Amino acid sequence: MRSRTAEWFECKIRYEKVMEDGLQKRVSENYVVDALSFSEAEKRIIEEMSHFISGQFDVIDIKKASYKEIFFADSDSADKWYKAKLKFVTIDEKTAKEKTTAVNYLVQAGSFNGAVKNIEEVMGGTMIDYVIATVTETLLMDVYEVKS
């Protein structure tokens, strides 16, 4: 399990896909790319998808992701992406009151229980008090990082 913090963009593409029955169907798929700007995100998703899609495809939407950090699984069976909202509890030093801050993460796992386990594995190594508020399966197909 590893985590990566970056500026992430969700990109939606549309193309003609050959289905299992041999017919072509127009589909939309969502991906995440690591980029510094919207134009770089568009360039990156076009480069990545041109390896997998023969023919024309359109980038129909790009938006900044609501998460800054992604937890990547080491297992090949981890083929789904889950959006997790964690709530962190901190104490305000001036007022001595508890403050709750919600943070979104993207987690790779093979199942819902696997996503929770992966969150606990990464967050277990920290000293921060947290609560898993929600874990929701996404429609994301894949995540593309900048290769260093």
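Helices (H or I, at least four residues) and strands (E, at least two) are DSSP runs, numbered from the N terminus, and two strands are said to pair if DSSP finds at least two bridges between them. The views below show a predicted model, in which local features need pLDDT of at least 70 and side-chain atom pairs count only at pLDDT 80 or more, whereas totals for chains, interfaces and linings use all residues. Residues are numbered from 1 along each chain as its sequence is written, and side-chain values use heavy atoms, with hydrogens and water left out.

**View A. The hairpin of strand 6 and strand 7, with Ala96 between the strands.** Strand 6 (residues 80-91) and strand 7 run antiparallel and are joined by 12 bridges, and within this pairing Val89 stands opposite Thr100 of strand 7. The hairpin has 6 residues between its strands, and Ala96 takes a positive phi near 60°.

**View B. The hairpin of strand 2 and strand 3, and the pairing of strand 3 with strand 9.** Strand 2 (residues 8-18) pairs with strand 3 (residues 24-34) in the antiparallel sense over 11 bridges, and Glu16 has Arg26 of strand 3 as its bridge partner. Here 5 residues lie between the strands of the hairpin, where Gly22 takes a positive phi near 90°. Strand 3 also pairs with strand 9 (residues 140-144), in the parallel sense and over 4 bridges; Val33 stands opposite Tyr144 of strand 9.

**View C. The open sheet of 5 strands.** The strand order is 1-5-7-6-8, and the pairing is mixed. Strand 1 (2-5) and strand 8 are the edge strands, each of which pairs on one side only. Direction ignored, neighbouring strands of this sheet are turned by 25° against each other on average, where axes are lines fitted to C-alpha atoms, for helices over the stretch in contact, and angles run from 0 to 180 degrees between N-to-C directions. Strand 1 and strand 5 run antiparallel, joined by 4 bridges, and the bridge partner of Arg2 is Phe72 in strand 5. Strand 5 (residues 69-72) and strand 7 (residues 98-109) pair instead in the parallel sense over 3 bridges, with Phe71 having Val107 of strand 7 as its bridge partner.

**View D. Helix 2 packed on the sheet.** Helix 2 touches strand 5, strand 6, strand 7 and strand 8, and its direction makes about 145° with that of strand 8; contact here means heavy atoms within 4.5 Å. Gly114, Ala115, Val116, Asn118, Ile119 and Met123 of helix 2 are buried, that is, under 20% relative accessible area, with exposed being over 50% and partly exposed in between (1.4 Å probe, protein chains only). At 1.5 Å a residue, the 12 residues of helix 2 (residues 112-123) should span 16 Å, which agrees with the 17 Å between its end C-alpha atoms; the expected span is 1.5 Å times one less than the number of residues.

**View E. The largest nonpolar core, with Ile45 among its members.** A nonpolar core is a set of buried Ala, Val, Leu, Ile, Met, Phe, Trp, Tyr and Cys residues joined through side-chain atoms within 4.5 Å. Of the 15 residues in this core, Ile13, Val33, Ala41, Ile45 and Met49 touch the most other members. Strand 2, strand 3, helix 1 (38-50) and strand 4 (57-64) are the elements that give two or more residues to this core, and its largest share, 4 residues, comes from strand 2. Ile45, leaving aside its neighbours within four places in sequence, is in contact with Cys11, Ile13, Tyr31, Val33, Val59 and Tyr144. Apart from this core lies another, of 13 residues, including Phe71, Leu86, Ile119 and Val135.
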